[in-house]
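Trainee: I would like to go through this structure with you, one question at a time.
Mentor: Good. Put it on the screen and start asking.

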Amino acid sequence: MKNNYFKYIKISLLSVLFIGISACKSDDDDFTFNGLEESYSIDRFKVLSIPTNVSANVTWSINDSIISQNSELEFISPTVDTYPLTLKVERNGNIQTYKSKIIVNQETGNYSKYISKVLDFKPAVGQFINDIPEYENGNNSAAMIQKANDYLVGGNSSMVTLGGYGGYVVFGFDHTIPNMNGRDFKVLGNAFFANGSTDRAGSCEPGIIMVAYDKNKNGKPDDNEWYEIAGSEYFKNTTTKDYTITYFKPNSNKVPVPGNEYWQTDVEYIKWEDNKGNSGFKTKNTFHSQSYYPLWLSDQSYGFSGTRLQDNFHDQSGSGTYWVGKSYDFGYADNAPNNDEASNIDISWAVDRNGKYVKLPGVDFVKVYTGVNQEAGWLGEVSTEVAGAYDLHLK
Ligand SMILES: [Ca+2]
Ligand SMILES: [Ca+2]
Ligand SMILES: [Ca+2]
């Protein structure tokens with residue numbers, strides 16, 4: 001028999017509520033859709049996926065609000081409730097309507113709104129490296145990740161430093177942070193505005209934020225699940241995409257080369273080079289005498305890639321005594337005080353590798369890396385600090 005109708009297979013008699021019969025049109029496409037279940041259940045702060053495998057025009061609504069026009073609905077709610085769901089599939093001018101409902105349940109146990117796990121931690125070189133968190137003889141990368149975990153998990157978090165450009169930390173939550181209207185999560189740092197500052201400047205060390213939505217629900221951030229949060233600088237021509245930097249391990253037997261300033265212990269301390277033809281040395285200062293290169297890394301060099309922000313510090317004194325870093329408008333970590341709206345992030349700012357906005361139902365993982373490659377005189381390298389993070393929707 002020629003298949004002019006939508007075929008659907010009843011998995012169970014109660015499983016499908018099918019409204020509307022399509023009129024006969026000449027159509028040779030083979031199209032199979034099983035219809036919706038009578039209802040769906042999901043815990044709050046978890047993503048419910050309802051695939052249709054339909055390539056036709058699909059509209060998902062709750063009451064009169066269209067919530068998605070994707071073939072696969074990915075639904076999340078922070079609220080325990082029952083939502084009436086309507087699916088319309090338009091095909092060759094015919095509209096099939098399916099009704100169902102989504103029951104959002106209270107989770108068993110209690111979610112934490114804070115970081116629940118640190119998955120990775122790899123700082124760049126810097127004056128607080130091996131200090132925050134502290135490196136102890138014999139520690140390997142896993143031990144240092146565990147320390148970062150101890151520092152950052154929960155509501156009583158302390159702080160890790162990411163060092164200079166590229167250094168990063170990756171953490172996750174015990175639920176999906178939903179992408180609701182407005183901003184969704186906060187990243188804590190130690191940024192502050194200088195006393196009397198009228199231009200939101202002080203100690204702002206912007207870190208770039210990446211988010212991952214665990215689409216395949218394997219509990220891990222897979223490579224193709226990461227998106228960059230396009231902060232206020234993302235589309236500007238002062239921002240460098242695909243920036244790569246390499247740091248070279250210092251030779252501990254090298255004779256230090258003091259600089260002209262009293263604090264410059266070694267102005268040829270750690271060699272670095274980037275993929276834009278720049279190179280130089282990171283300076284060792286008198287305030288921090290430990291190794292600035294992570295002692296748990298045995299490699300003779302290591303590096304990072306990503307988006308680089310324009311230098312944001314300048315010497316306000318003109319004589320090198322007073323450096324200030326200006327806050328960027330939105331979308332970065334450690335870029336504004338923790339009680340400032342600019343430390344809150346909207347998941348809707350996420351873009352793909354081509355700079356195109358993506359619609360994520362929520363995020364499960366966050367990565368923060370230092371976004372600036374600058375040394376601010378005696379203050380040392382601009383280094384993002386992360387002191388925790390939390391979901392703004394989970395009360
Ligand atoms: Ca949002
Ligand atoms: Ca995954
Ligand atoms: Ca900082």
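Trainee: Which residue stands opposite A350 of β25?
Mentor: This is a predicted model, so keep that in mind throughout. Strand β25 covers residues 350-351 and pairs with β16 in the antiparallel sense over two bridges. Opposite A350 in β25 stands I229.

Trainee: β16 also pairs with β15. What stands opposite M210 there?
Mentor: β15 covers residues 207-212 and β16 covers residues 226-229. Three bridges join the two strands, which run antiparallel. The residue in β16 opposite M210 is E228.

Trainee: Now the metals. Which residue gives the calcium ion (ligand 2) a backbone-type donor labelled O?
Mentor: The side-chain labels come from D214 (OD), N216 (OD1), N218 (OD1), D222 (OD) and E225, which is listed twice with OE. These protein donors lie 2.2 to 2.8 Å from the ion. The donor labelled simply O belongs to K220.

Trainee: How are the donor residues of that calcium ion (ligand 2) spaced in sequence?
Mentor: Start at D214 and end at E225, both donors of ligand 2. Write x for the residues in between. The spacing reads D-x1-N-x1-N-x1-K-x1-D-x2-E.

Trainee: Is N216 buried, partly exposed or exposed?
Mentor: N216 is one of the donors of the calcium ion (ligand 2). Buried means under 20% relative accessible area, and exposed means over 50%. N216 has 44% relative accessibility, so N216 counts as partly exposed.

Trainee: Which residues donate to the calcium ion (ligand 3), and how are they spaced?
Mentor: The protein donors are N190 (OD1), E205 (OE), D334 (OD) and E385 (OE), at 2.2 to 2.4 Å from the ion. In sequence their spacing is N-x14-E-x128-D-x50-E.

Trainee: How far apart in sequence are the parts that D334 and E385 tie together?
Mentor: Both residues are donors of ligand 3. D334 lies in the loop between β23 (332-333) and β24 (344-345), and E385 lies in strand β27 (residues 385-386). The pair therefore ties together parts that are 51 residues apart in sequence.

Trainee: Are D334 and E385 buried or exposed?
Mentor: The cut-off for buried is under 20% relative accessible area. D334 has 2% relative accessibility, so D334 counts as buried. E385 has a relative accessible area of 3%, and E385 is also buried.

Trainee: Which strands stand at the edges of the open four-stranded sheet?
Mentor: The order is β13-β14-β22-β21, with antiparallel pairing. Each edge strand has a single partner, so one side of each is left without a neighbour in the sheet. The edges are β13 (192-193) and β21 (313-315).

Trainee: What is the bridge partner of H314 in β22?
Mentor: Strand β22 covers residues 323-326 and is joined to β21 by three bridges. The two run antiparallel. The partner of H314 is V324.

Trainee: Which side chains of β2 point to the buried face?
Mentor: The side chains alternate along β2. S41 and D43 point to one face and are not buried. Pointing to the other face, and buried, are Y40 and I42.

Trainee: In which sense do β2 and β8 run, and what stands opposite I42?
Mentor: Four bridges join β2 to β8 (residues 94-105), and they run parallel. Opposite I42 in β8 stands V104.

Trainee: Which value does phi of F45 take, and is F45 buried or exposed?
Mentor: Most residues other than glycine have a negative phi. F45 has a positive phi, near 60°. Its place is in the loop between β2 (40-43) and β3 (48-50). At 0% relative accessibility, F45 counts as buried.

Trainee: And N63: what is its phi, and is N63 buried or exposed?
Mentor: N63 lies in the loop between β4 (57-62) and β5 (65-68). Phi of N63 is positive, near 50°. At 56% relative accessibility, N63 counts as exposed.

Trainee: Where is the cis peptide bond that ends at P133?
Mentor: P133 lies in the loop between β9 (117-122) and α1 (141-152). Omega is near -5°. The bond runs from I132 to P133.

Trainee: Last one. What share of the 395 residues is buried?
Mentor: The protein has one helix and 28 strands. The C-alpha trace spans about 90 × 45 × 45 Å along its principal axes. The buried share is 51%.

Technical notes: Residues are numbered from 1 along each chain as its sequence is written. Chains are lettered from A and ligands numbered from 1 in the order in which they are written. This is a predicted model: local features need pLDDT of at least 70, side-chain atom pairs count only at pLDDT 80 or more; totals for chains, interfaces and linings use all residues. Side-chain values use heavy atoms; hydrogens and water are left out. Donors are N, O and S atoms within 2.8 Å of the metal (3.2 Å for Na, K and Ca); water is not among the atoms, so sites may look incomplete. Buried means under 20% relative accessible area, exposed over 50%, partly exposed in between (1.4 Å probe, protein chains only). Two strands pair if DSSP finds at least two bridges between them.
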